[in-house]
Every structure is written in structure tokens, then in C-alpha cells.
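Me: I would like to go through this model carefully, one question at a time, and have each answer reasoned out before the value or name is given.

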Amino acid sequence: MGLDKTTIATICSGYSIIGALFMLWVGLMLAYQPFFIQGLDDVTGVEGKKTAFKTMYLFLAILLTSIGYLAYDKERIRREAAYEAVDNFDIMLPRGMTDYAVREIELT
């Protein structure tokens, strides 16, 4: 019962949006009001702010990768449907021809 790649990319994109917004909030809290967060070794919150923003950038990279895969997959499905429509199209052939296949002829 595995998930397909499109479902995984959709889940990852949703998770990344939430994670990036949360890390943005944490980074802003550490930048402007670090005294409200207990347990910080650095009272200014500089190191924590850098780490929070780096993590936010990683979430955004995962988001862009997921969106890129979803766009690629949508285009792949559209392309396959177009090829299938062309393959199933009943072409009007000239009289006496059954298909457009080229056959090898042995010359003697």
C-alpha cells in the first residue's frame, strides 16, 4: 500500500509551507524578542535566528522541489494523453493502403 510520487510531493509541499512559516515566526521571534524564549544560551538570539532562517530556506527548497515535480508530472500526463489521442486517431488512408508502416523489401 505505497503512495505514488505525486501524493508524496503533495504531502511534502504542504508540510514545507507549514514548516517554512513556523520557522519564519521562530526566526522573527529570535530576532526581535529573544527575551520571551526561555532556555536560550545566547540572550541576543543571534545563533538561533541564523539556524531558524537556514531551516526555513531548507523548507522552501523542499517546497520548490515538490512544486517542480508536480508541474513535471502534470505535463507528463498531458503529453501521454496527447500521444494516446494521436495513436487512437483513425487516419484516412489512400485506397489500397492498410497502414503507414514501412516494410523492408529485399532487392534481388
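**Helix H1, helix H2 and their side chains**

Reply: Before the questions, a starting point: Ile17 is partly exposed, with a relative accessible area of 41%, and this residue is found in helix H1. The model is a predicted one.

Me: Which residues make up the nonpolar surface patch of about 500 Å²?
Reply: Ile17, in helix H1, can belong to such a patch because its relative accessible area of 41% is over the 30% that a patch residue needs. The patch covers about 500 Å², and its members are Ile17, Leu21, Leu24, Leu28 and Tyr32.

Me: Is Ser13 buried or exposed?
Reply: Ser13 lies in helix H1, which runs over residues 5-32. Its relative accessible area is 11%, and the limit for burial is under 20%. Ser13 is also listed with Ala9, Ser16 and Gly19, among others, in the set of H1 residues that count as buried. Ser13 is therefore buried.

Me: Which residues is Ser13 in contact with, leaving aside its neighbours within four places in sequence?
Reply: Within the neighbourhood that this question leaves aside, a polar atom of the Ser13 side chain lies 2.7 Å from the backbone oxygen of Thr10. Ser13 and Leu70 are 57 residues apart in sequence, with their C-alpha atoms 9.6 Å apart in space. Once the neighbours within four places are set aside, the contacts of Ser13 are with Leu63 and Ser66.

Me: How many Å does H1 reach from its first C-alpha to its last?
Reply: H1 has 28 residues, and at 1.5 Å a residue the expected reach is 40 Å. The value computed from the model is close to that expectation, and from first C-alpha to last it comes to 40 Å.

Me: What percentage of the residues of the protein chain count as buried?
Reply: The secondary structure of the chain comes to 2 helices and 0 strands. Its accessible surface is about 9,400 Å², with 65% of that belonging to carbon and sulfur atoms. Of the 108 residues in the chain, the share that counts as buried is 18%.

Me: Which residues are joined into one network by salt bridges that share partners?
Reply: The whole structure holds 3 salt bridges, and one of them is between the side chains of Arg76 and Asp73, at 2.6 Å from N to O. Arg76 also forms a salt bridge with Glu80, where the closest N and O atoms are 3.0 Å apart, and these two residues of helix H2 are 4 residues apart, about one turn of the helix. The shared partners join into one network Asp73, Arg76 and Glu80.

Me: Is Asp73 buried or exposed?
Reply: Arg76 and Asp73 are 3 residues apart in helix H2 (residues 46-87), so about one helical turn separates them. Arg76 counts as partly exposed at 27% relative accessibility, and Glu80 counts as partly exposed at 44%. The relative accessible area of Asp73 is 4%, where the limit for burial is under 20%, and Asp73 is therefore buried.

Me: Which residue forms a salt bridge with Glu75?
Reply: Glu75 counts as partly exposed at 37% relative accessibility, and its partner counts as partly exposed at 48%. Both residues lie in helix H2, 3 residues apart, which is about one turn of the helix. The closest N and O atoms of the pair are 3.3 Å apart, and the partner of Glu75 is Arg78.

Note on methods. Residues are numbered from 1 along each chain as its sequence is written. This is a predicted model: local features need pLDDT of at least 70, side-chain atom pairs count only at pLDDT 80 or more; totals for chains, interfaces and linings use all residues. Side-chain values use heavy atoms; hydrogens and water are left out. Buried means under 20% relative accessible area, exposed over 50%, partly exposed in between (1.4 Å probe, protein chains only). A polar contact is a pair of N or O atoms within 3.5 Å; within protein, one must be able to donate a hydrogen and the other to accept it, and residues adjacent in sequence count only if both atoms are side-chain atoms. Contact means heavy atoms within 4.5 Å. The expected span of a helix is 1.5 Å times one less than its number of residues. Patches are made of residues with over 30% relative accessible area and no salt bridge: like charges are joined within 9 Å, nonpolar side chains (Val, Leu, Ile, Met, Phe, Trp, Tyr) within 5 Å. Accessible areas come from the Shrake-Rupley method with a 1.4 Å probe; for residues, only the protein chains shown count as cover. A salt bridge is a side-chain nitrogen of Lys or Arg within 4 Å of a carboxyl oxygen of Asp or Glu.
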